[in-house]
Amino acid sequence: MNVDEALKARVSIRAFKPDAVSEAQVRDILDVARYAPSGGNLQPWKVIAVAGDARQEVLDIAKANLPGHIGERFIYPADLWEPYRSRRFKVGEDMYALLGVPRDNKMGRLQQFARNYEFFGAPVGLFIVIDERMGYGQWAHLGMFMQSIALAATERGLATCMQEAWATLRTPLKAHFGLEEQEMIYCAIALGYADMSAPVNALRSDRAPVDEIATFKGF
Ligand SMILES: Cc1cc2nc3c(=O)[nH]c(=O)nc-3n(C[C@H](O)[C@H](O)[C@H](O)COP(=O)(O)O)c2cc1C
């Protein structure tokens, strides 16, 4: 698989097979993802990988603490504006349409959302940790690292879903993992083998064409 193929093949997977992923496989992925670039080569990322009992412990923490609390680092800006508002709306509607859960079935939608806190059945969860003294630049660099993890996983036949949903559980997870005072969990990544028989995994999100996102000058 080349890089272009991996970029297009990586999609968010929201139903996984129970098949185990070994520590060696996770280490192998992180061993290449760590080559992601970061300003000043700060490498402002840390990872906590959970599987087995350690995975079950965080699932239990989720059950005991949901819905949790996002704090002041909101996932989206308030009153999202166009074109972002419509993009967010559409991907959500497309996903629930595949699942056959209409808008007025609030409980059905909530139940699907709650699957986040089971890693959608993935056997491995990766928690991405940053030092909260870092600025927006370093948060962007975290994204490079996370996409590198996703692409490396894709090349190895594994699938991922980024999960900022876990951010609402930052506080109890920080205590659970015994993080240092300034460390915080940004996001999780579910990692495992895709269950392609699950309807939700047929979701393919739109992308704006190049001419909508780029301006070319001086060519
Ligand atoms: C940082 C980040 C956090 C995300 N958090 C969640 C999440 O909590 N739950 C979820 O189902 N999808 C989550 N997503 C997946 C996005 O919805 C998805 O990437 C987007 O709709 C594009 O679809 P694709 O990943 O299939 O290309 C997240 C994506 C990113 C990059």
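Modeller: Before we start, a polar contact here is a pair of N or O atoms within 3.5 Å; within protein, one must be able to donate a hydrogen and the other to accept it, and residues adjacent in sequence count only if both atoms are side-chain atoms. This is a predicted model, where local features need pLDDT of at least 70, side-chain atom pairs count only at pLDDT 80 or more, and totals for chains, interfaces and linings use all residues. Residues are numbered from 1 along each chain as its sequence is written, and side-chain values use heavy atoms, with hydrogens and water left out.

Colleague: Okay, so how far is the ligand nitrogen from the polar backbone atom of M162?

Modeller: That distance is 3.2 Å. A ligand nitrogen also sits 2.8 Å from a polar backbone atom of E164. For S205 it's the side chain: one of its N or O atoms is 2.9 Å from a ligand oxygen.

Colleague: And how much of the ligand does the protein bury?

Modeller: The protein buries 71% of the 630 Å² that the ligand exposes when taken alone (areas by the Shrake-Rupley method with a 1.4 Å probe; for residues, only the protein chains shown count as cover).

Colleague: Which residues around the ligand come nearest?

Modeller: S12, R14, E164, A165 and R207, out of 15 around it (a heavy atom within 4 Å).

Colleague: Switching topic: what does β3 pair with?

Modeller: β3 runs antiparallel to β4, with five bridges joining them (DSSP must find at least two for strands to pair). One of the pairs is A159 with G192 in β4. Helices (H or I, at least four residues) and strands (E, at least two) are DSSP runs, numbered from the N terminus.

Colleague: Why call β3 largely enclosed?

Modeller: Because four of its five residues are buried. Buried means under 20% relative accessible area, exposed over 50%, and partly exposed in between (1.4 Å probe, protein chains only).

Colleague: What do the buried residues of α6 pack against?

Modeller: Their partners include α1, α2 and β3 (contact means heavy atoms within 4.5 Å). Among the buried ones are W139, F145 and M146. After α6 comes G157, with a positive phi near 80°.

Colleague: Last one: where is D94, and how does its accessibility class come out?

Modeller: D94 is in helix α4, residues 84-99. At 26% relative accessibility, D94 counts as partly exposed. D94 and R207 are 14 Å apart, C-alpha to C-alpha, though 113 residues apart in sequence.
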